[in-house]
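The following exercises are to be solved from the sequence and the three-dimensional model. Each task is followed by a worked solution.

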Amino acid sequence: MGYINPLFNEQRIIKEQSKPVLLPEIKQEKKVKVRQIRADKTHKLKFPVTNIERMKLQSLCKQVQRSLKSKGVEPIQQTKLNTLLLHYGLNNPAILEWDWPYKDSKHYMHTNLLETVFEREIGGPYGLAIRKGLSERKTAYMVIMSVLKWLEGGGNIEEIF
């Protein structure tokens, strides 16, 4: 069945005659660019705390905030303090103790270590978690509690900053 207007019939004939023959294309492999990881990428790590440990860490944060405020420096947040405690413990293995009673209390506090530091010190193939046979959370808990005990036993908070 054709078109009523003969002009349309002619266009259909022209279209059928001028169809290009498609040859199978040779696919060229695209070079896949490997995306670089940001240098300041952080690894969020949470560790369980009891109510008493939470109160100790929060009161330590308040003390640090007061001392920094008196110096004219902006206050520090709890996560940043936890990260500094963890970092200090990783840099000073002499103060670490690995026999803390550990129980997952379902109440967590957080740290934000740099991804490179996390992979090198805690979670990588040669990290503390693998060497000690502990989970990453348990390792972070042991390190932070050791630093907290060191601070309570006469350690200087100024060394951490």
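Tyr141 is buried, since its relative accessible area is 4% (buried means under 20%, exposed over 50%, partly exposed in between, with a 1.4 Å probe and protein chains only). The model is predicted: local features need pLDDT of at least 70, side-chain atom pairs count only at pLDDT 80 or more, and totals for chains, interfaces and linings use all residues. Residues are numbered from 1 along each chain as its sequence is written, and side-chain values use heavy atoms, without hydrogens and water.

**Exercise 1.** Characterise the aromatic pair formed by Tyr102 and Tyr141.

*Solution.* Step 1: rings of Phe, Tyr and Trp (its six-membered ring) pair if their centres lie within 6.5 Å; planes under 30 degrees apart count as stacked, over 60 as edge-to-face and the rest as tilted. Step 2: the count under this rule is two aromatic pairs. Step 3: Tyr102 and Tyr141 are edge-to-face, at 5.3 Å centre to centre with 70° between the planes. Step 4: Tyr102 lies in the loop between α3 and β2 (108–114) and Tyr141 in helix α6 (residues 136–152), 39 residues apart. Step 5: Tyr102 is partly exposed, with a relative accessible area of 27%.

**Exercise 2.** Determine whether helix α3 (residues 78–91) has the expected span, and whether α3 is enclosed or not.

*Solution.* Step 1: helices are DSSP runs of H or I with at least four residues, and strands are runs of E with at least two, numbered from the N terminus. Step 2: the expected span is 1.5 Å times one less than the number of residues. Step 3: for the 14 residues of α3 this gives 20 Å, and the end C-alpha atoms are 20 Å apart, which agrees. Step 4: 10 of the 14 residues are buried, so α3 is largely enclosed by the rest of the structure.
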